[in-house]
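Colleague: Got a minute to walk me through this one? I'd like to start with the pocket and then go on to the surface and the salt bridges.

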Amino acid sequence: MKRVLCYILLAFVGMTSFAQKNSEFRFWEDSLITLRDQVMNEPDETSRLALNEEFMTLLEEVLQMPNSFKHAWDSVRNFAVLASPDQVFKIFTWYVVKNDYSVENFGFVQVYNEGRKKFVLFPLYDKRSTIDYPKTQIGNHNRWYGSVYYKLIQTKEKNLTYYTLLGWNGNNLFTNQKVIEILHFNKEMTPIFGARMFKNYPEKVSRVIFEYSKNATLHLNYEEQEYEVSTGKYNPKTHQTDFKRMSCPMIIFDELIPMEEGMKSAAYMVPESSLNQGFVEEDGKWLFMPSVRGSNPDKVKPNYEHKPRQIYNPKAS
């Protein structure tokens, strides 16, 4: 706590030299980045967790300051900050690695409460180890399935606004996880994590959790994709059903397969980059697409130079 008071005192002295409020919050941002660096580089677990408490306390102090919501947080490099497109809330997430290489996630939700005419903070503590059915559990911030979020997508179903979060979780020594989380707010503007938003998915889930080998990299993105859909019309020339190309924003990800047949443990699951699956928005929900041959139309395609086929001619040798 003494160290936090030192940070506050130093920040107060530093802020007097800045003329604009944005510069004041930039100073706080730099202080938080420095403290996060200390957390990540500290070799002792007990010290890491103690420093993390100081980071969380300092961040809470900053987020309770007037006009803090207006700060862009565009220079952070070691914790994640996402803002909803409708400017209703921001979510801050980060992680701490334990000595056994498991990961514990932390965060804050900063949300505007219309009834109280002010921004309210909800602390997030990783409750993964206490959740019996993580794929179907729905709960408030006190039952958070921890992740560090890197993408936020806003959708509407009827009169309710939902926010889909794509996140990463370092999990443990053997596996990583990628998570598709659904967030919404109740009438009291309390955050609720998890919702039945996934249509035609093989499981009935409130969030999608991909667990895979620590040595692999799973791509989970939200981007404009072109994909093929069946027209339902039979082509007599090809003796096959015709397909047409469609384009829309999509949550797209690699399909997970076992390293070898029979290996069902998550530690042996790896992404197959040639096999894609995805979700497209349909009436405010996410429609599962089990097989996607996607191609991002925004990506620059390499130039193809045609070269005539070279046929071996023994007389030319």
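Modeller: Sure, and keep in mind that this is a predicted model. The largest pocket has a volume of about 480 Å³.

Colleague: Which residues lie nearest the centre of the largest pocket?

Modeller: The lining of that pocket takes in 25 residues. Strands β11 (208-213), β13 (240-258) and β14 (269-282) each give it at least two. Nearest the centre you'll find Lys135, Glu203, Ile209, Phe210 and Glu211.

Colleague: And by class, how many residues of the lining are nonpolar?

Modeller: Seven of the lining residues are charged and five are polar. The nonpolar count is 13.

Colleague: Moving outside, how much accessible area does the nonpolar surface patch with Phe174 have?

Modeller: Phe174 sits in the loop between β7 (160-169) and β8 (175-185). Its relative accessible area is 55%, so it clears the 50% cut-off for exposed. It shares the patch with Val97, Tyr101 and Leu173, and together the four have about 410 Å².

Colleague: What about glycine 170, buried or exposed?

Modeller: Glycine 170 is in the loop between β7 and β8. In space, its C-alpha is 8.4 Å from that of tyrosine 95, though the two are 75 residues apart in sequence. Buried means under 20% relative accessible area. Glycine 170 has 0%, so the label is buried.

Colleague: On to charges: how many residues apart in sequence are the parts tied together by glutamate 157 and lysine 285?

Modeller: Their side chains meet in a salt bridge, 3.7 Å from N to O. Glutamate 157 lies in strand β6 (residues 148-157) and lysine 285 in strand β15 (residues 285-292), so the pair ties together parts separated in sequence by 128 residues.

Colleague: Which residue forms a salt bridge with glutamate 181, and is that partner buried or exposed?

Modeller: The partner is arginine 207, with the closest N and O atoms 2.8 Å apart. Glutamate 181 lies in β8 and arginine 207 in the loop between β10 (198-199) and β11, so the bridge joins parts 26 residues apart in sequence. Glutamate 181 has a relative accessible area of 0% and is buried. Arginine 207 is at 0% too, so it counts as buried.

Colleague: How many salt bridges does a search of the whole structure find?

Modeller: Besides those two, glutamate 114 pairs with lysine 117 at 2.4 Å between the closest N and O atoms. Arg26, Glu29 and Asp74 are linked in a network. For the whole structure, the search finds ten.

Notes:
Residues are numbered from 1 along each chain as its sequence is written. This is a predicted model: local features need pLDDT of at least 70, side-chain atom pairs count only at pLDDT 80 or more; totals for chains, interfaces and linings use all residues. Side-chain values use heavy atoms; hydrogens and water are left out. On a 1 Å grid over the protein atoms alone, a cavity is a set of points where a 1.4 Å probe fits but cannot get out, and a pocket is an open set with protein on both sides within 12 Å along at least five of seven lines; lining residues have an atom within 4 Å of a point. Grid points are joined across faces, edges and corners, and a volume is the space filled by probe spheres set on the points. Helices (H or I, at least four residues) and strands (E, at least two) are DSSP runs, numbered from the N terminus. Ala, Val, Leu, Ile, Met, Phe, Trp, Tyr, Cys and Pro count as nonpolar, Asp, Glu, Lys and Arg as charged, and the others, Gly among them, as polar. Patches are made of residues with over 30% relative accessible area and no salt bridge: like charges are joined within 9 Å, nonpolar side chains (Val, Leu, Ile, Met, Phe, Trp, Tyr) within 5 Å. Accessible areas come from the Shrake-Rupley method with a 1.4 Å probe; for residues, only the protein chains shown count as cover. Buried means under 20% relative accessible area, exposed over 50%, partly exposed in between (1.4 Å probe, protein chains only).
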